[in-house]
Amino acid sequence: MSKALLLVVCCLTGVALASSETNVSDGAPQASEIDATEINRILALSDDVEYGEYLAGECASCHAVEQVAGSSVPVIHGAEAAHLVQSLLEYRIGVRDNTTMQLIANGLGEEEIAVLAHYLSNTGR
Ligand code: HEC
């Protein structure tokens with residue numbers, strides 16, 4: 001079974017968290033596991049922007065709508081939905097190694113990632 005397929009199967013069976021932890025400790029996560037097909041599959045799960053707005057309240061304590069001078073926290077409002085999904089998945093599998101965002105991304109289900117991406121990409125700028 002290909003790694004990409006394995007990732008999809010893991011996510012569908014709800015053990016994505018366990019598999020992402022394995023990847024982190026492997027030290028060799030594959031960025032190529034996150035392709036356009038996987039991103040589009042997640043984006044198609046839900047476009048409930050009201051749920052997205054509710055969830056994004058948790059993000060707003062760090063992520064401002066406008067870039068704060070000198071801040072290391074990037075603006076995520078108005079970003080491309082696909083970019084948001086990809087970034088969150090990369091934190092989950094450890095391709096991106098920011099501890100704060102890894103914890104947050106690991107706490108999000110795929111449907112939550114989808115609604116956050118749909119909501120955030122339509123806000124700000
Ligand atoms: C405690 C502060 C904090 C909270 C809360 C937080 N973030 Fe972050 N976020 C960060 C920091 C710091 C970075 C930059 C990390 C890095 O350098 O990789 C980041 C980066 C990101 C990125 C990557 C953006 C890019 O273009 O590279 C995304 C996407 C993101 N956060 C989404 C979210 C979402 C969605 C939420 C709410 C569910 C959230 N964050 C909550 C601090 C936070």
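These questions and answers cover the ligand site and the largest pocket of a predicted model.

Reader: Where does the ligand sit?
Author: A ligand counts as sitting in a pocket if more than half of its atoms lie within 2 Å of the pocket's grid points. By that test, the ligand sits in the largest pocket.

Reader: How many residues surround the ligand?
Author: The cut-off is a heavy atom within 4 Å. Cys59, Cys62, His63, His83 and Met101 are the closest. The full count of surrounding residues is 20.

Reader: Which side chain has a polar atom 2.8 Å from a nitrogen atom of the ligand?
Author: Polar contacts here are N or O pairs within 3.5 Å. Tyr91 places a side-chain N or O atom 2.7 Å from an oxygen atom of the ligand. Arg96 does so at 2.8 Å, again with a ligand oxygen atom. The contact to a ligand nitrogen atom comes from His63.

Reader: Which helix supplies the largest share of the shell around the ligand?
Author: Helix 5 (81–93) and helix 6 (99–106) each supply at least two shell residues. The largest share is five residues, and it comes from helix 5.

Reader: How many residues of the shell around the ligand are charged?
Author: Eleven shell residues are nonpolar and seven are polar. The charged residues number two.

Reader: How much space lies in the largest pocket, and which element gives the most to its lining?
Author: The space is about 520 Å³. The lining has 25 residues, with His63, Pro74, Ile76, Tyr91 and Met101 closest to the pocket centre. Helix 5, helix 6 and helix 7 (110–121) each give two or more residues. The most, five residues, come from helix 5.

Note on methods:
Residues are numbered from 1 along each chain as its sequence is written. This is a predicted model: local features need pLDDT of at least 70, side-chain atom pairs count only at pLDDT 80 or more; totals for chains, interfaces and linings use all residues. Side-chain values use heavy atoms; hydrogens and water are left out. A polar contact is a pair of N or O atoms within 3.5 Å; within protein, one must be able to donate a hydrogen and the other to accept it, and residues adjacent in sequence count only if both atoms are side-chain atoms. On a 1 Å grid over the protein atoms alone, a cavity is a set of points where a 1.4 Å probe fits but cannot get out, and a pocket is an open set with protein on both sides within 12 Å along at least five of seven lines; lining residues have an atom within 4 Å of a point. Helices (H or I, at least four residues) and strands (E, at least two) are DSSP runs, numbered from the N terminus. Ala, Val, Leu, Ile, Met, Phe, Trp, Tyr, Cys and Pro count as nonpolar, Asp, Glu, Lys and Arg as charged, and the others, Gly among them, as polar. Grid points are joined across faces, edges and corners, and a volume is the space filled by probe spheres set on the points.
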